[in-house]
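These are my notes from a session with one model. I went through strand pairing, one surface patch and the internal cavities.

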Amino acid sequence: MIVSPFFYIFVVMIKKLLFTALLCIIVQGAVAQNGNGLGGGIRAGLNLSDFTGSTGSSRAGISAGLFVDYTINRFGFEAGLYYSEQGSFGVAEQSIVGNRANYNLDYISLQLLVKYQIFNGFRVFLGPNAGYLINSKMSYGSVNQHIDYIAPWDIGIVGGVGYTFRFGLDVAASYTHGFIDLFKTERKSYTSMFKITVGWNFLNRNKKAIKENKRYGN
């Protein structure tokens with residue numbers, strides 16, 4: 001069986017995630033009193049995804065999953081695993097009836113992010129995104145069919161901003177751009193996706209943000 005080289009990249013990223021989580025658990029007790037420590041929770045939100053160079057429109061889909069993070073002073077690391085609905089609607093296709101097709105692509109995505117807390121719970125983040133394709137369908141008219149010419153991996157970069165409230169509520173907005181050509185054809189198209197999420201941090205409610213909010217009377 002031929003395995004995509006990106007599969008090995010995904011395996012390495014998973015190993016790093018597990019190692020980081022174990023390290024965070026070991027050292028958490030030593031630094032928790034300084035507002036640092038291990039966190040984690042759930043997130044869900046809305047994707048607006050499209051293909052670069054597409055003649056169609058964005059597909060609105062859901063994103064939902066789990067994340068774990070670790071904060072040291074203002075810097076932090078976050079790893080998340082999400083189900084992500086992506087694709088594009090109304091793409092020009094000369095070979096089908098009506099010449100327009102909807103692409104529904106669903107992924108399991110791993111994100112590894114570096115974060116920087118700017119002030120009062122507000123953060124910026126940047127890091128790689130690796131998505132594994134679990135469903136690929138094209139629909140036009142009354143036809144809804146599976147397609148096998150979509151790349152199995154979507155590797156890219158994600159960046160954005162977020163805010164964690166003192167009681168654990170977390171909101172974030174991000175943009176993801178893919179580096180892998182999605183189609184196994186002469187067409188060159190890459191993922192372009194905006195995402196808005198709402199989540200809850202169960203393990204660490206951003207202690208540094210709480211302390212800074214109290215300091216400024218917020």
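Which residue of strand 7 does Pro128 stand opposite? I looked it up, and the partner is Ile157. The model is a predicted one, and I kept that in mind throughout.

**Entry 1: overall layout.** I started with the elements. I found 2 helices and 9 strands in the chain. Their order from the N terminus is α-β-β-β-β-β-β-β-β-β-α, so by the run-based assignment of helices and strands the nine strands sit between the two helices. I also checked burial: 45% of the 218 residues count as buried.

**Entry 2: strand 5 and strand 7.** I went back to the pair that holds Pro128 and Ile157. Strand 5 covers residues 122-140 and strand 7 covers residues 153-164. The two run antiparallel and share 11 bridges. I noted a second position on this ladder, where Gly127 has Val158 of strand 7 as its bridge partner.

**Entry 3: the other partners of strand 5.** I then asked which further strands pair with strand 5. Strand 4 does, in the antiparallel sense, through 15 bridges. On that side I found Gln117 opposite Arg123 of strand 5. Strand 4 and strand 5 form a hairpin with 2 residues between the strands, and Asn120 has a positive phi near 45° there.

Strand 6, residues 143-146, is also antiparallel to strand 5, with 4 bridges. Here Ser139 faces Asn144 of strand 6. This pair is a hairpin as well, again with 2 residues between the strands. I checked the turn and found Gly141 with a positive phi of about 60°.

**Entry 4: strand 7 and strand 8.** I followed strand 7 to strand 8, residues 169-178. They are joined by 9 bridges and run antiparallel. Val161 is bridged to Ala173 in strand 8. The hairpin formed by these two strands has 4 residues between them. In its turn I noted Gly168, with a positive phi of about 115°.

**Entry 5: a surface patch.** Where does Val161 lie? I place it in strand 7. I next looked at its exposure. Its relative accessible area is 34%, which falls between the 20% and 50% limits, and Val161 therefore counts as partly exposed. Val161 belongs to a nonpolar surface patch together with Phe75, Tyr116, Ile118, Phe119 and Val124. The accessible area of the patch adds up to about 510 Å². Strand 4, residues 100-119, gives the largest share, 3 residues.

**Entry 6: cavities.** How many cavities of 30 Å³ or more are there? I got 5. The largest cavity holds about 140 Å³ of space. It is lined by 13 residues, and those closest to its centre are Arg43, Gln111, Phe125, Ala172 and Thr197.

I also sorted the lining by element. Strand 3 (75-92), strand 4, strand 5, strand 8 and strand 9 (191-201) each give two or more residues to it. The largest share is 3 residues and comes from strand 4.

**Entry 7: closing note.** Strand 4 came up in several lookups. I have it pairing with strand 5, giving the largest share of the nonpolar patch and giving the largest share of the lining of the largest cavity.

Key. Residues numbered from 1 in each chain as written. Predicted model: local features only at pLDDT ≥ 70, side-chain atom pairs only at ≥ 80, totals over all residues. Heavy atoms only, no water. Pairing = 2+ DSSP bridges. Patch = residues over 30% accessible without salt bridge, like charges linked within 9 Å, V, L, I, M, F, W, Y side chains within 5 Å. Areas by Shrake-Rupley, 256 points an atom, 1.4 Å probe, with all protein chains shown as cover. Salt bridge = Lys/Arg side-chain N within 4 Å of Asp/Glu carboxyl O. Buried < 20%, exposed > 50% of the residue type's maximum accessible area, 1.4 Å probe, protein only. 1 Å grid on protein atoms, 1.4 Å probe; cavity = no way out; pocket = protein on both sides within 12 Å on 5 of 7 lines; lining within 4 Å. Points joined across faces, edges and corners; volume = space filled by probe spheres on them.
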